[in-house]
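Trainee: Could you walk me through this one? I'd like to see how each answer is reached.

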Amino acid sequence: MPLTIPNPPTAETTPEDEAAFAAAREVEDPRPGPDSQRQDGVPEGAIRTFRHTGEAGGVWPGVARDVHVYTPAQYEPAAPGNLLVVQDARLYLGEPVFAPIVLDNLIARGDIPPTIAVFVEPGDLPSDDAGQHSNRSREYDTLSDDYVRFVIEELLSAALDGASVSDDPSRRAMMGMSSGGICAFNAAWERPDQFGRVVSHVGSFTNIRGGHVFPSLIRARTAKPIRVFVQDGAADVDLEWGNWPVANHDMAAALKFRGYDYRFEFGLGAHDLRHGGAIFPQTLRWMWR
């Protein structure tokens with residue numbers, strides 16, 4: 001197993017958060033803390049769910065998906081909120097991440113600004129696509145601007161429904177797990193003018209659809225204005241497409257080499273969200289510090 005890439009010093013991170021990060025690295029099944037649990041007196045945000053179908057002439061015409069939009073209780077139309085777009089919605093809404101609860105608690109305490117979160121499922125292909133049902137790999141693993149164009153040009157207007165979010169890319173984040181993790185990074189890589197923050201959990205920076213080239217691309221090009229959080233574990237998968245722990249170490253090393261604002265949390269866990277969920281509150285505070 002490669003040596004863990006050291007994180008650059010971050011003066012803005014509290015000792016408590018650093019201790020939580022460190023503790024989660026040492027166990028195979030870290031547990032979420034109080035910030036991931038309902039707290040008395042903390043107002044709950046609203047979640048609106050709708051079905052989105054790709055537009056004729058759009059990136060993926062006729063491809064439908066469920067979308068869940070979280071709006072915090074503190075949202076005020078006159079004050080544009082932060083934006084968080086999350087791939088594989090179902091993996092983040094409940095256990096072990098409890099994303100809406102974490103957002104409620106951190107926003108109420110003032111740890112992060114009011115944030116509208118758009119939880120997006122991968123697309124379902126039309127029923128007449130023989131033998132194909134999910135558009136997930138095409139959307140998430142492909143190295144192009146297709147997915148981020150879909151989000152910007154088609155999805156956000158329907159998801160936000162008139163709500164106001166900041167145009168500042170440093171207040172707009174992409175997040176995902178596995179193929180959703182490389183998708184999040186690729187979206188910001190392609191459009192850093194739209195998304196300047198990335199969270200990747202056990203990201204698939206492997207050769208599913210060519211994503212193994214990212215470390216080389218990062219090293220070869222001038223750093224983009226992206227803050228990147230990368231998480232993985234020693235028990236992540238080793239398949240014909242590549243070795244996930246090695247790939248994530250390569251990503252972290254490339255980000256360090258090119259001088260990115262990054263953090264790499266490497267623990268003992270497998271290809272799941274247990275580690276990422278346990279440190280999710282600390283991750284959001286670090287990302288929007």
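Mentor: Sure, and let's begin with a term: buried means under 20% relative accessible area, exposed means over 50%, and partly exposed is in between, with a 1.4 Å probe and protein chains only. Keep in mind that this is a predicted model, where local features need pLDDT of at least 70, side-chain atom pairs count only at pLDDT 80 or more, and totals for chains, interfaces and linings use all residues. Residues are numbered from 1 along each chain as its sequence is written, and side-chain values use heavy atoms, leaving out hydrogens and water.

Trainee: Is R285 buried or exposed, and why?

Mentor: Helices here are DSSP runs of H or I with at least four residues, strands are runs of E with at least two, and both are numbered from the N terminus. R285 lies in helix α10. Its relative accessibility is 16%, so R285 counts as buried.

Trainee: Which residues is R285 in contact with, leaving aside its neighbours within four places in sequence?

Mentor: Contact means heavy atoms within 4.5 Å. With those neighbours set aside, the list for R285 is D17, D35, L106, R109, D111 and I112.

Trainee: How many residues apart are D17 and R285, whose side chains meet in a salt bridge?

Mentor: A salt bridge needs a side-chain nitrogen of Lys or Arg within 4 Å of a carboxyl oxygen of Asp or Glu. D17 and R285 fit, at 2.9 Å from N to O. The pair links distant parts of the chain, with D17 in helix α1 (residues 15-25) and R285 in helix α10 (residues 280-287), and their separation is 268 residues.

Trainee: Where is D35, the residue whose side chain meets that of R285 in a salt bridge?

Mentor: The N to O distance for R285 and D35 is 3.2 Å. Both R285 and D35 are buried. They sit 250 residues apart, and D35 is in the loop between α1 and β1 (46-53).

Trainee: Does R149 count as buried or partly exposed, and why?

Mentor: R149 makes a salt bridge with E153, at 3.9 Å from N to O. The two are four residues apart in helix α5 (residues 146-160), about one turn of the helix. R149 has 25% relative accessibility, so the label is partly exposed.

Trainee: Which residues are joined into one network by salt bridges that share partners?

Mentor: By the salt-bridge rule, the count comes to 24. Some of these share partners, and one network joins D17, D35, R109, D111 and R285.

Trainee: What is P215 in contact with, leaving aside its neighbours within four places in sequence?

Mentor: P215 is in helix α7 (residues 214-220). At 10% relative accessibility, P215 counts as buried. Once those neighbours are left out, its contacts are D250, M251 and A254.

Trainee: What radius of gyration does the chain have, and why does that agree with a compact globule?

Mentor: The radius is taken over C-alpha atoms, and the globule rule is 2.2 Å times the number of residues to the power 0.38. For 289 residues a compact globule would come out near 19 Å, so the chain agrees, with 18 Å.

Trainee: What share of the residues in the chain is buried?

Mentor: The chain has ten helices and ten strands. Its C-alpha atoms fill a box of roughly 50 × 50 × 35 Å along the principal axes. Out of 289 residues, the buried share is 52%.
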